[in-house]
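The exercises below work through charged pairs, a chain-to-chain contact and one loop residue, each with a solution that proceeds in steps. Please attempt each task with the structure open before reading on.

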Amino acid sequence: MRSIFWRVILVAGFTALAFILFLPSTPVSKRLPSFWADNIPKINLGLDLQGGMHLVLDVDQDKAVENHTQRLAGSVEDALKRKGVAFYNVVREGLDNVAVSYPDERSKGEISRVVKDELGVFGSPADQNGRLLFTLDKGESERIREWSLFQALETIRNRIDKFGVAEPLIQKQGVNEVVVQLPGLKDPERAIQLIGKTAVLEFRLVDESMSPYTAETQGAPFGSEIVYQQGYDSQTGMVQKTPFLVKRDAALTGDSLSDARMAFDTQYNEPYVSLTFDSNGARVFERLTTQNVGKRLAIVLDGNLHSAPQIREPIAGGKAQISGGFTPEEATDLAIILRAGALPAPVNIVQNVTVGPSLGQDSIEAGLKAGLLGAALVLVFMIIYYRASGVIADFAVFLNIIMLLGAMAWLSSTLTLPGIAGIVLTIGMGVDSNVLIFERIKEELHAGRTPRSAINAGFDRAFWSIVDAHVTTLITAAVLFQFGSGPIKGFAVTLSLGILINLFTALVGTKLMFDIQSERFRVKRLSI
Amino acid sequence: MDFVRNTNIDFMSKRRIAFVISVVLAVIGLIAAVSIPLGKANLSIDFEGGVAVQFRFEQPIEIDKMRTVLAEKGFKDANLQQFAEPTKLLVKLKGGEGDLRAVSNSIGSAFTESMPGNPFIIDSTSEVGPTVGRKLQKDALWAVIVALIGILLYVAWRFELRFGVAAVIATFHDVLAVLGIFFLLDKEMSLLIVTALLTVAGYSLTDTVVVFDRIRENMRKKAKGDFAALLNRSVNEVLSRTIVTSSTTLLAALSLTFLGGEVIHDFALALSLGVVVGTFSSVFVASPLLLLWKNKKKPALAKA
């Protein structure tokens, strides 16, 4: 690369490429031809700059295992009944145990065999005087834990897609966490409601054998339990809880839904959620309504009873509705949640950082103003201190920034407020490489060398200092990237890119300008 | 233009005074570092868990009145902070137990009830659960340790082991010094501050490495005179560069500190302090440390 011509081509080429890459990320993009603006990745603005929400959700995987074991207990009971094996009862115990009480030694052996044949997910049972305790395999419970995280991820993604947020980020973090980032979000409260609902929808028959108030004091009859309807009195603002006695077993669950949408009841001027069952669900629903005309069917969502309409006639066609004092937003969100399916386990919000759009705007303005001023001060300082060579250093810094922006767009990285600080810091440190070179050149000139040999010696001597200085900073940037999250990762990315690009601009860009000076214009005295 | 040229300052002879300053800074830093796990330091909710809500009111507010309002509603431990604008208020409640959403919502409704004539919008909300905070504390500690080990290995590989050790001590010193100053100023230790500290580590190391580079170069020349004289000469030779670079970086960091806005103010302040301390340590800490660890054998610096 001795030839100046080829180096000019190289530097100009990179600069042009950087321009092509980052222009679509700027406000200029509206005036660019669409094939350009639409096909180039863009720099994203971090939540601290545009506002939005960052949530870390902890998936309650224990609960997922517990739910699964609960279902297995049901399957065990079914299997034993089908095979005609005698048993007293089957209950889930703790997270991952199913206990079966047996009447005698003979049935004990049969129970063990049936469970082993029909449900191969348990290890050998422990015998606890009169009960067999089946424990879920370690591997199986691990699988359920893992599956529950991915299922939660998928469900949340579905809900958010239907909610309609531009460029959401939903990913797993660690073994039990999901990170959700919703940039530019307007209504954080609603998003939390939407994401956090477990959305286990159940249709359960109301048990009318006893008044719910009696059941509250005397205990519910076998196979039934009390579920409350939370009513909100719009006049007093009080929350009222009405008890209902319903069957413990769900006649039909949300798994059988094929569609859910918000609809409007013109008669009562009230929004409701209209449900459509899949073919299997429709059959079950028709049978259920046929056999129970006159009874009430409770619609229970996440353990809260929504409504309990009376079945007036058999309902064919697989349509049902949930009504009960919704606002249009609530009905829309509930429909989204039901359509996207239930979370396999409850999620807890362990971290929530929400930045309003106006703070983001303020931050951009302050950050940019400070950044531009800082950069300008540095650039002016360099010209005052190093004269023409200062201009060369500024040129190198300018190249550095252009290429940094280009690289950020290319990687579609996220620009955060600390990222802006990172750019400014890159300028400060980018200048350092030039300072190292210039000081060396000065020393060589003082020692009486000609400009050309001083330049070459200066670059040679400064080379390893520059490399060492860059690598050490790169080490800390890499560590920051590894452990940081959100804005800090943004800072680490900007800093590392800036450092790498600076190696190029200082060693190639600055050198090129000096060579042009000394070889093309044959400068006798360097202005440095 | 030259600030300094052909200086001949005897830096090494001043190493005892510098040593006292460094030790004081480092000890304060150590106290700060020990206070963090003991819960005595001012940790942000990133690390401790809790709630922070930033309000922007329509009319200017009086912070004392707001404090009373919150105390009446049972938020006695709330930490209130007002920014440059009289309409902005930051309320922090540390210790993240229970339903954090409910806590931040009820802070908002306390204001709505008590001051119906002064509506607000919420600029930002952070709710951090206690487990997240503890995890971040651990992560931050690891980050600092891993960064220092990485630096030690690189410098030891490029130079000699004693250079690596000296560089790490100097870097550690700088991180501790900034941490200590922040502790004295009762600034809040947040994730962003840890980032700033690591950046300071990177910056201070750059400074140190440049000086070391010159020392190594001069060692190869097999010049006459003792090692202290060689160190002095090396530091003097790069002094001009040290001053120029520190000034430019400081210019940039200071403008971010004063104009960058509330979100990065402390971050930029830590960077500014780091530039000053880092420059000091590369001259007065890193090089004198090499004197303490004399190489018994003649150094075999043929590589690189």
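**Exercise 1. How many salt bridges does a search of the whole structure find over all chains, and what links A:Lys108 to A:Glu105 and to A:Asp127?**

Solution. The model is a predicted one, and a search of the whole structure gives 44 salt bridges over all chains.

Step 1. The side chains of A:Lys108 and A:Glu105 form a salt bridge with an N to O distance of 3.8 Å, which falls inside the 4 Å cut-off of the rule. Because the two residues are 3 apart in helix α5 (residues 105–118) of chain A, about one helical turn separates them. A:Glu105 counts as exposed, its relative accessibility being 58%.

Step 2. A:Lys108 also meets A:Asp127 in a salt bridge, here with 2.5 Å from N to O. This pair links distant parts of the chain, since A:Asp127 belongs to strand β5 (residues 126–128) of chain A and A:Lys108 to helix α5 of chain A, 19 residues apart. With a relative accessible area of 39%, A:Asp127 is partly exposed.

**Exercise 2. Which helices hold A:Arg461 and A:Glu444, and is A:Glu444 buried or exposed?**

Solution. Step 1. The side chains of A:Arg461 and A:Glu444 meet in a salt bridge of 2.8 Å, N to O. A:Arg461 lies in helix α13 (residues 451–483) of chain A and A:Glu444 in helix α12 (residues 417–446) of chain A, so the salt bridge ties together parts that are 17 residues apart in sequence.

Step 2. A:Arg461 is partly exposed at 35% relative accessibility, whereas A:Glu444, at 7%, is buried, because the limit for that class is under 20%.

Step 3. Elsewhere, salt bridges with shared partners join A:Asp362, B:Arg56, B:Glu85, B:Lys88, B:Asp123 and B:Glu262 into one network.

**Exercise 3. Describe the contact between chain B and chain A, beginning with the area that they bury.**

Solution. Step 1. The two chains bury about 5600 Å² between them, with 65% of it on carbon and sulfur atoms. In chain B, the residues that lose the most area to chain A are B:Met1, B:Arg101 and B:Tyr154, which together account for 11% of what that side buries. The contact draws 68 residues from chain B and 62 residues from chain A.

Step 2. Between the chains the count is 8 salt bridges, and one salt bridge, formed by B:Arg241 with A:Asp432, has its closest N and O atoms 2.7 Å apart. Across the interface, 19 residue pairs are in polar contact, both residues being at pLDDT 80 or more.

Step 3. Elements giving two or more residues to the side of chain B that touches chain A include β1 (50–57), β4 (120–128) and α7 (191–220) of chain B. Of the elements on that side, α7(B) gives the most, with 17 residues, and the residues of the side divide into 32 nonpolar, 20 polar and 16 charged.

Step 4. Strand β18 (residues 347–355) of chain A runs antiparallel to β4(B), the two being joined by 5 bridges; A:Gln351 stands opposite B:Val128 in β4(B).

**Exercise 4. Where is the place of A:Val293, and with which residues is A:Val293 in contact beyond its neighbours within four places in sequence?**

Solution. Step 1. A:Val293 is found in the loop between α9 (279–291) and β15 (297–301) of chain A, and is partly exposed, with a relative accessible area of 43%.

Step 2. Once neighbours within four places in sequence are set aside, A:Val293 is in contact with A:Ile311, A:Arg312, A:Glu313 and A:Pro314.

Conventions: Residues are numbered from 1 along each chain as its sequence is written. Chains are lettered from A and ligands numbered from 1 in the order in which they are written. This is a predicted model: local features need pLDDT of at least 70, side-chain atom pairs count only at pLDDT 80 or more; totals for chains, interfaces and linings use all residues. Side-chain values use heavy atoms; hydrogens and water are left out. Contact means heavy atoms within 4.5 Å. Buried area is the accessible area (1.4 Å probe) that two parts lose on being put together, summed over both. A polar contact is a pair of N or O atoms within 3.5 Å; within protein, one must be able to donate a hydrogen and the other to accept it, and residues adjacent in sequence count only if both atoms are side-chain atoms. Ala, Val, Leu, Ile, Met, Phe, Trp, Tyr, Cys and Pro count as nonpolar, Asp, Glu, Lys and Arg as charged, and the others, Gly among them, as polar. Two strands pair if DSSP finds at least two bridges between them. Buried means under 20% relative accessible area, exposed over 50%, partly exposed in between (1.4 Å probe, protein chains only).
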